[in-house]
Amino acid sequence: MEGREDRMIEIRELTKRFDGEKAVDNITTTIHEGQIFGLVGSNGAGKSTLLKVLSGAHLPDSGEIRIFGEKAEIRNPIDAMKYGIGTVYQELSIIADLTVGENIFIGRIPKNKLGAFDRKKLYEDTVKLFQEYGIDDIDPNAKARTLSLSQRQIVEILKTLSKDPDIVILDEATSALTENRVKWLLSVTRKLADRGKIVLFISHRMSEIQDGCD
């Protein structure tokens with residue numbers, strides 16, 4: 001592994017405008033590996049816009065992003081994934097008619113030797129992921145439409161974590177979670193940070209920022 005000085009995100013003079021108005025105004029900051037970095041501010045302060053620039057949903061108007069010592073050219077979400085960035089947005093993207101496992105591994109569902117979807121392997125991979133993150137109340141084979149809102153949010157989070165990103169962005173990811181599951185997510189983010197991941201965490205709840213962020 002490279003030295004700590006290279007294992008970080010550097011944001012330099014980043015600006016993003018919409019219709020001439022600055023949503024992100026000349027932001028400069030550094031976020032190191034193993035850090036849970038909280039973003040706080042009122043509605044419209046630019047928190048989500050900043051994260052959407054990092055995740056490739058928006059293009060910046062000016063400024064520079066460096067990831068692990070390399071200048072990052074993030075033009076779309078595929079570019080972001082190439083740089084090891086995984087994002088959980090506030091808006092759910094769960095497909096109701098797919099199973100839990102299909103939603104988590106969508107686009108990456110394992111296939112057997114004949115080229116057909118390997119349902120057994122999909123189930124095993126989903127169970128393994130659940131065991132890793134302490135989930136025991138969701139059926140991997142259940143249709144997503146049968147889940148509670150909190151369970152759907154958990155599936156959304158696990159869909160991102162299943163890709164093992166180096167940088168995890170959580171944009172109001174606790175908003176749909178029950179109180180116990182908020183505690184679960186805070187413990188997961190600490191586990192990720194302990195592994196050397198970078199976590200960017202947006203929340204309007206100051207208790208979560210105080211308890212969960214560095």
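**Exercise 1. Determine which residues of α5 are buried, and what they pack against.**

Solution. The buried residues of α5 are Ser150, Gln151, Gln153, Ile154, Val155, Glu156, Ile157, Leu158, Lys159, Thr160 and Leu161, where buried means under 20% relative accessible area, exposed over 50%, and partly exposed in between (1.4 Å probe, protein chains only). The model is a predicted one, in which local features need pLDDT of at least 70 and side-chain atom pairs count only at pLDDT 80 or more, while totals for chains, interfaces and linings use all residues. Residues are numbered from 1 along each chain as its sequence is written, and side-chain values use heavy atoms, with hydrogens and water left out.

Next, count: 11 of the 13 residues of α5 are buried, and the helix is mostly covered. Helices (H or I, at least four residues) and strands (E, at least two) are DSSP runs numbered from the N terminus. Finally, list the partners: the buried residues of α5 are in contact (heavy atoms within 4.5 Å) with β6 (85-88), α3, α4, β7 and α6.

**Exercise 2. Check the length of α5 against its expected span.**

Solution. The expected span is 1.5 Å times one less than the number of residues. For the 13 residues of α5 this gives 18 Å, and the end C-alpha atoms are 19 Å apart, which agrees.

**Exercise 3. Compare the salt bridges Glu156 to Lys159 and Lys197 to Asp164 by position and burial.**

Solution. A salt bridge requires a side-chain nitrogen of Lys or Arg within 4 Å of a carboxyl oxygen of Asp or Glu. Glu156 and Lys159 satisfy this at 3.3 Å, N to O, and both lie in helix α5, three residues apart, about one turn of the helix. Glu156 counts as buried at 6% relative accessibility, and Lys159 is buried too, with a relative accessible area of 12%.

For the other pair, the closest N and O atoms of Lys197 and Asp164 are 2.7 Å apart. This pair links distant parts of the chain, since Lys197 lies in the loop between α6 and β8 and Asp164 in the loop between α5 and β7, 33 residues apart. Lys197 is buried at 9% relative accessible area, whereas Asp164 counts as partly exposed at 49%.

**Exercise 4. Identify the residues with the most contacts inside the largest nonpolar core.**

Solution. A nonpolar core is a set of buried Ala, Val, Leu, Ile, Met, Phe, Trp, Tyr and Cys residues joined through side-chain atoms within 4.5 Å. The largest has 36 residues, and Leu158 and Trp184 have the most contacts inside it.
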